[in-house]
Amino acid sequence: MNIEQTLQEAILQAIKDLYGADVEVSSITLQKTKREFTGHYTLVTFPLLRISRKKPEETGQDIGTYLVKNSEVVTQFNVIKGFLNLTIAPAVWVRLLEDIDGKPDYGFVSVADDAPLFMVEYSSPNTNKPLHLGHVRNNLLGHALSEVLKANGKRVVKTNLVNDRGIHICKSMLAWNLWGNGETPASSGKKGDHLVGDYYVLFDQKYKEEQSALRGKGLSKEEAEAASPLMEQTREMLRDWEAGDRETVALWEKMNGWVYEGFDETYRQLGVSFDKIYHESDTYLPGKEEVMRGLREGLFYQKEDGSVWADLSSDGLDHKLLLRSDGTSVYMTQDIGTAKLRFDDYPIDTMIYVVGNEQNYHFQVLSILLDRLGFEFGKGLVHFSYGMVELPDGKMKSREGTVVDADDLMAEMIETAREISAELGKLDDATPEEVEAIARMVGLGALKYFILKVDPKKNMTFNPRESIDFNGNTGPFIQYTHARVRSILRKAEEQGMTLPENLDPTVPISVKEEGLVQLLSEFGTVVAQAGSEYNVSLIGNYVYDLAKEFNQYYHEYPILREENASLRDFRLLLCRNVARTIKRGMKLFGIDVPERM
RNA sequence: GGCUCUGUAGUUCAAUGGAUAGAACGGCGGUUUCCUAAACCGUAAAUCCGGGUUCGAUUCCCGGCGGAGCUACCA
């Protein structure tokens with residue numbers, strides 16, 4: 001039981017004894033005491049006035065007096081208006097720190113076999129182009145969310161839905177057929193996903209050339225689009241693919257294979273992984289079946305041209321297309337099929353889709369459609385919606401070709417980290433392998449931390465230069481703090497210092513140290529909160545606070561030179577727990593922390 | 001037009017309905033007999049506007065104004 005819970009119980013008891021009333025735990029608002037006031041925790045007494053029937057000040061006095069008298073945890077109190085500031089006994093901090101240290105997994109709940117099962121879908125790339133900056137946010141959020149859920153004791157299946165079929169893939173395939181001359185990743189030295197992406201771009205160029213040529217002959221925009229031989233060939237390819245034409249399918253498999261190899265490399269670099277991968281080529285047919293069943297059951301309707309639609313006007317939305325007039329499926333059809341397959345495969349309690357907020361409407365509709373089709377999970381699905389990532393110099397839009405490639409970005413971050421390290425000369429005595437490993441940790445840590453610290457639902461600006469700054473609320477700052485803490489511990493070990501089983505409870509503790517212990521003891525609560533509210537960014541800002549506090553503390557107190565052995569033990573123990581908490585917090589973000597930098 | 005999200009220092013981000021709205025970067029001014037100066041200290045600087053609910057609103061509700069996205073037989 002942590003301090004907050006202990007206080008809460010004591011306060012409930014106090015209210016019962018003083019005013020003869022039971023109150024809800026929710027009406028006990030405890031918060032950390034602000035720096036300017038004396039105390040550690042503060043009880044807001046305003047909500048209790050109805051029960052005490054006294055003024056705020058008097059109520060605070062009542063409860064404060066009671067707690068000092070009856071609870072060994074509270075030693076002092078002061079009342080300012082409706083705020084009762086409580087001071088915690090020094091011995092409690094010592095005990096708490098020992099307690100934290102004794103539990104290697106503090107803050108993390110172990111996962112039971114029958115724990116609620118969460119499926120988290122993230123990444124979900126198209127196989128016609130490489131991953132870009134937007135995907136980076138998606139992957140990092142999906143991975144971090146999964147880790148936070150696990151730390152909260154949930155079973156998690158991480159899944160990736162690969163959009164491997166459709167007209168867009170056919171564009172790359174056609175372009176490669178027409179102008180590729182048999183180029184392969186091996187022959188060109190290009191990463192597979194980049195190679196295929198290049199042919200997608202090439203198709204677009206040729207298509208535009210063709211269009212302007214047609215327009216030059218006097219055709220209108222619509223006429224030119226309808227008359228496009230390239231588009232006609234692409235559609236033909238899609239029909240061949242759906243019909244299972246051997247040659248087409250073989251090409252499709254070959255090119256998708258290249259792409260997967262490329263994606264795997266990007267995922268590895270990014271540090272994300274999946275437990276189960278679904279392909280839309282496997283789910284679009286079940287999706288069609290469900291739509292046809294809905295049509296038979298009168299849930300949907302068919303237009304004269306054969307297309308199938310859902311009327312969502314009763315839910316305040318528009319009509320939504322489910323099958324094209326030629327019978328082919330659309331995105332929604334596939335998502336229905338995918339959802340059905342997933343719930344057949346796993347006993348999912350909560351399905352979370354990590355998908356950008358430009359698809360808010362899509363998931364609103366998906367939820368309704370699944371519900372209408374009789375799947376009880378439809379209503380409960382969660383769209384973990386996140387905002388777009390922009391760059392300092394303008395917006396990022398794939399249509400305008402201003403995308404930032406994920407591989408390039410990561411390589412640049414690592415390169416920058418390497419340059420900075422070299423400039424500062426901190427790693428002159430490290431081996432090339434060590435330098436490389438640290439550059440990777442720092443460069444990628446900078447990227448990951450900067451993106452994850454921001455509230456997911458907000459649009460954000462990613463500033464590469466700022467992200468890798470060693471000062472400020474950045475990954476490298478936190479990593480550096482960890483490295484320094486480890487340095488202290490290393491030196492302590494070199495000097496033969498070992499920590500005793502129990503600390504002296506009478507050891508004098510400073511306000512800064514109390515603050516750090518308080519932060520440490522809260523870590524589990526923060527993780528739990530982030531998990532239950534899916535607010536991943538909470539953890540990053542929390543770990544930063546801890547790192548910052550430690551830096552200030554570290555500046556003020558010599559640790560290894562401390563003459564008083566018990567105090568030195570206390571401080572070393574504090575260091576160890578700070579290092580652990582930073583490491584655990586960053587691990588939830590998929591960020592490595594170096595032992596030295 | 002409709003729907004969703006969003007609006008906080010110069011900038012990038014915080015703030016379970018609680019005290020004097022926190023940080024960081026940038027600006028200005030300092031600190032070096034020191035376990036990593038890749039640090040620390042000080043200083044100036046902000047809740048888009050108007051109502052409502054509340055003991056108390058950056059937060060919740062309503063109405064404006066601004067930004068982003070969606071509103072495809074693309075995914």
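Visitor: Which helix holds Asp371?
Guide: Glad you started here; keep in mind that this is a predicted model. Asp371 touches Gly378 and Lys379, leaving aside residues up to four places away in sequence. The helix in which Asp371 is found covers residues 360-372, and its label is H14.

Visitor: Is Asp371 buried, partly exposed or exposed?
Guide: A residue needs 20 or more other C-beta atoms within 10 Å to be buried, and 12 or fewer to be exposed. Asp371 has 16 C-beta neighbours inside 10 Å, so this residue counts as partly exposed.

Visitor: How far apart in space are Asp371 and Ile591?
Guide: Along the sequence, 220 residues separate Asp371 from Ile591. In space, taken C-alpha to C-alpha, the separation of Asp371 and Ile591 is 39 Å.

Visitor: What domains does the assignment give for chain A?
Guide: Let's walk along the chain. The second of the listed domains is written in two segments, 117-291 and 339-390. The C-alpha centres of domain 1 and domain 2 lie 55 Å apart. The full assignment reads domain 1 (3-88), domain 2 (117-291 + 339-390) and domain 3 (408-588).

Visitor: How many helices and strands does chain A have?
Guide: The C-alpha trace of chain A spans about 90 × 65 × 45 Å along its principal axes. Of the 597 residues in chain A, 39% are buried. The secondary structure comes to 21 helices and 14 strands.

Visitor: Among contacts in chain A between residues at least 6 apart in sequence, what share joins residues at least 24 apart?
Guide: Two residues are in contact here if their C-beta atoms lie within 7 Å. Of the contacts in chain A between residues at least 6 apart, the share that joins residues at least 24 apart is 73%.

Visitor: What covers the buried residues of H12?
Guide: Helix H12 runs over residues 280-296, and its buried residues include Tyr284, Gly287, Lys288 and Val291. From first C-alpha to last, H12 reaches 24 Å, close to the 24 Å expected at 1.5 Å a residue. Just after H12, Gly298 takes a positive phi of about 80°. The cover over the buried residues of H12 includes strands E6, E7, E9 and E10 and helix H13.

Visitor: And where is Asp318 placed?
Guide: With 13 C-beta neighbours inside 10 Å, Asp318 counts as partly exposed. Asp318 and Asn152 are 166 residues apart in sequence and 39 Å apart in space, C-alpha to C-alpha. The place of Asp318 is in the loop between E9 and E10.

Visitor: Which loop holds Lys81?
Guide: Most residues other than glycine have a negative phi. Lys81 has a positive phi, near 50°. Lys81 has 12 other C-beta atoms within 10 Å and is therefore exposed. Its place is the loop between strand E3 (74-80) and strand E4 (83-88).

Visitor: What is the phi of Asn181?
Guide: Asn181 is found in the loop between helix H6 (167-179) and helix H7 (185-188). Asn181 is exposed, because 7 other C-beta atoms lie within 10 Å. Its C-alpha atom is separated from that of Asp114, 67 residues away along the chain, by 55 Å. The phi of Asn181 is positive, near 50°.

Visitor: How far apart are the C-alpha atoms of Ala565 and Asp504?
Guide: Ala565 is found in helix H21, residues 565-588. Ala565 counts as exposed, with 12 C-beta neighbours inside 10 Å. Ala565 and Asp504 are 61 residues apart along the chain, and their C-alpha atoms are separated by 9.7 Å.

Visitor: Which residues are closest to RNA strand B?
Guide: A total of 75 residues surround RNA strand B. By class, the surface near the strand has 27 nonpolar, 28 polar and 20 charged residues. The closest are Glu358, Lys426, Asp455, Gly472 and Asn551.

Visitor: Where does pLDDT stay under 50?
Guide: Chain A averages a pLDDT of 90, and 98% of the residues score at least 70. The model scores ipTM 0.93 and pTM 0.94. Where pLDDT is low, the predicted coordinates should not be read in detail. The stretch under 50, for which the model has 10 contacts beyond four places in sequence, is residues 396-400.

Terms used: Residues are numbered from 1 along each chain as its sequence is written. Chains are lettered from A and ligands numbered from 1 in the order in which they are written. This is a predicted model: local features need pLDDT of at least 70, side-chain atom pairs count only at pLDDT 80 or more; totals for chains, interfaces and linings use all residues. A residue is near a molecule or strand if its C-beta atom, placed from the backbone, lies within 6 Å of it. Ala, Val, Leu, Ile, Met, Phe, Trp, Tyr, Cys and Pro count as nonpolar, Asp, Glu, Lys and Arg as charged, and the others, Gly among them, as polar. Helices (H or I, at least four residues) and strands (E, at least two) are DSSP runs, numbered from the N terminus. The expected span of a helix is 1.5 Å times one less than its number of residues. Domain bounds come from an automatic or database domain assignment. pLDDT is the predictor's confidence in each residue, from 0 to 100.
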